[in-house]
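Reader: I'd like to learn how to read a model like this one, feature by feature. Could you walk me through it?

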Amino acid sequence: MTAPVLELRNLSKTFQLPRKGGWFAGYIDHHAVRDVSLTLPRNTILGLVGESGSGKSTTGLMTMRLMEPTSGRILIDGADISALTPAALKPYRRQMQIVFQDSYSALDPMMTLARIVAEPLHIHGIGTPDDQTEQALAMLDRVGLHRSYGQRYPHELSGGQRQRVAIARALILRPKVLVADEPTSALDVSVKAQIINLLLDLQQEMGLSILFISHDLSVVRSLTDRVAVMFNGRIVETAATETIFSDARHPYTQGLLSAIPVLNPRDRRPRRFLTAEEIERGIPRLPGAGTSPALVQVAPDHLVEAVAG
Ligand code: ADP
Ligand code: MG
């Protein structure tokens with residue numbers, strides 16, 4: 001069996017936050033990500049969903065080694081990259097790229113789009129300057145921006161066009177893994193759909209594997225193969241996307257699903273907003289589960305957090 005293209009093993013991040021009461025009051029531990037294990041099989045899209053503050057971006061940043069984990073490991077194609085020095089990490093940087101919600105801040109306002117998209121080739125010393133420009137223009141064209149956009153600057157673009165440029169820049173090195181952190185959250189509905197379709201096309205064409213971070217379950221449903229649900233820093237449920245939408249077992253997942261807006265009033269279900277306490281109390285009780293909450297397999301490829309009961 002070949003290794004998954006990306007694997008997270010027991011990843012945790014604890015932030016030390018200053019205690020209220022001044023500098024002498026010391027610090028408290030804030031467990032933003034707790035013991036997260038995930039696998040991303042080659043050529044698939046895994047959705048990482050959860051409300052704001054659940055730990056999704058922290059997980060994405062650690063995956064990219066843009067933030068150091070407190071503990072745990074990150075494997076790319078079976079190779080452990082968690083402890084590599086920046087120099088040793090460089091070849092792996094080519095293989096994993098990230099796109100953020102707010103790409104404007106990531107695009108240098110003084111650079112033309114051709115230069116922005118070509119820059120990763122330049123950093124990695126791939127091709128002559130002319131090759132680099134040609135590849136950048138071809139990639140701009142591929143993401144739906146005519147080659148003439150190469151001469152333009154980020155401020156001349158709409159939000160959707162900026163996301164296209166960010167995607168072009170992320171994919172110019174033909175990475176194996178793309179982390180997309182809420183890439184469509186700032187966009188209008190119609191533009192959102194275009195960017196989702198573009199990502200799907202590129203994923204299939206390039207054999208990409210995508211960790212797609214989102215709090216928008218309708219987008220996740222149309223794009224992903226599998227879903228991992230995050231609550232309070234933990235993964236509480238993972239399954240194939242259809243299973244999550246038809247057979248969610250964890251109260252947090254069920255609550256998220258009930259909050260999806262539906263267009264037809266007849267399909268409207270009552271929204272169930274559970275408090276964190278209610279969710280903790282509602283963790284499924286399963287024979288054979290441990291005394292503290294942990295993921296338990298309830299069907300092939302369906303894991304749910306459960307406790308003994
Ligand atoms: P999400 O992306 O799901 O909204 P985040 O990963 O951004 O969640 O944040 C998870 C938790 O960690 C939140 O409580 C957030 O306030 C906290 N957090 C994130 N980054 C930092 C940081 N650099 N320092 C301290 N706390 C942080
Ligand atoms: Mg986030």
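**Pockets, a ligand shell and some backbone angles**

Author: Gladly, and let us begin with the largest pocket: α2 (86-93), β6 (96-99), α3 (113-123) and α5 (159-171) each supply at least two residues of its lining. Keep in mind throughout that the model is predicted.

Reader: Which element gives the most to that lining?

Author: That is β6, with four residues. The space in the largest pocket comes to about 430 Å³. Its lining has 19 residues, and those closest to the centre are Q97, I98, P120, R169 and A170.

Reader: How do the lining residues of the largest pocket divide into nonpolar, polar and charged?

Author: There are 13 nonpolar residues, with three polar and three charged ones beside them.

Reader: Now the ligand. Which residues are around ligand 1?

Author: The shell consists of F15, L17, H30, A32, E51, S52, G53, S54, G55, K56, S57 and T58. By class, seven of the shell residues are polar, three nonpolar and two charged. At least two residues apiece come from β1 (6-18), β2 (27-40) and α1 (56-63), and α1 has the largest share, with three.

Reader: Which polar atoms of the protein should I look at around the oxygen atoms of ligand 1?

Author: Start with the side chains. In T58, an N or O atom of the side chain is 2.5 Å from an oxygen atom of ligand 1, and in H30 a polar side-chain atom lies 2.8 Å from a ligand oxygen. S54 takes part through its backbone, where a polar atom is 3.2 Å from an oxygen atom of the ligand. As for cover, ligand 1 taken alone exposes 560 Å², and the protein buries 63% of that.

Reader: α1 has come up in the shell. Why is α1 described as largely enclosed by the rest of the structure?

Author: The reasoning is a count: six of the eight residues of α1 are buried, so the helix is largely enclosed. Those buried residues are K56, T58, T59, G60, M62 and T63.

Reader: How should I read a phi angle, and what is phi at R65, which follows α1?

Author: The general idea is that most residues other than glycine have a negative phi. R65 has a positive one, near 55°, and is not a glycine. This residue sits in the loop between α1 and β4 (71-76). R65 counts as buried because its relative accessibility is 12%, and the cut-off for buried is under 20%.

Reader: What is phi at D77?

Author: D77 has a positive phi of about 50°, although it is not a glycine. D77 belongs to the loop between β4 and β5. With a relative accessible area of 27%, D77 is partly exposed.

Reader: And D80, where is it found?

Author: D80 is in strand β5 (residues 79-80). Its relative accessibility is 31%, so D80 counts as partly exposed. For a sense of distance, the C-alpha atoms of D80 and G127 are separated by 29 Å, and these residues are 47 apart along the chain.

Reader: One last helix: what does the side chain of S258 lie beside?

Author: Here is the general idea: an α-helix has 3.6 residues a turn, so residues three or four places apart point the same way. S258 is part of helix α9 (residues 251-258), and a polar atom of its side chain lies 2.9 Å from the backbone oxygen of G255. At 10% relative accessibility, S258 counts as buried.

Technical notes:
Residues are numbered from 1 along each chain as its sequence is written. Chains are lettered from A and ligands numbered from 1 in the order in which they are written. This is a predicted model: local features need pLDDT of at least 70, side-chain atom pairs count only at pLDDT 80 or more; totals for chains, interfaces and linings use all residues. Side-chain values use heavy atoms; hydrogens and water are left out. A residue is near a molecule or strand if one of its heavy atoms lies within 4 Å of it. A polar contact is a pair of N or O atoms within 3.5 Å; within protein, one must be able to donate a hydrogen and the other to accept it, and residues adjacent in sequence count only if both atoms are side-chain atoms. Accessible areas come from the Shrake-Rupley method with a 1.4 Å probe; for residues, only the protein chains shown count as cover. Ala, Val, Leu, Ile, Met, Phe, Trp, Tyr, Cys and Pro count as nonpolar, Asp, Glu, Lys and Arg as charged, and the others, Gly among them, as polar. On a 1 Å grid over the protein atoms alone, a cavity is a set of points where a 1.4 Å probe fits but cannot get out, and a pocket is an open set with protein on both sides within 12 Å along at least five of seven lines; lining residues have an atom within 4 Å of a point. Grid points are joined across faces, edges and corners, and a volume is the space filled by probe spheres set on the points. Buried means under 20% relative accessible area, exposed over 50%, partly exposed in between (1.4 Å probe, protein chains only).
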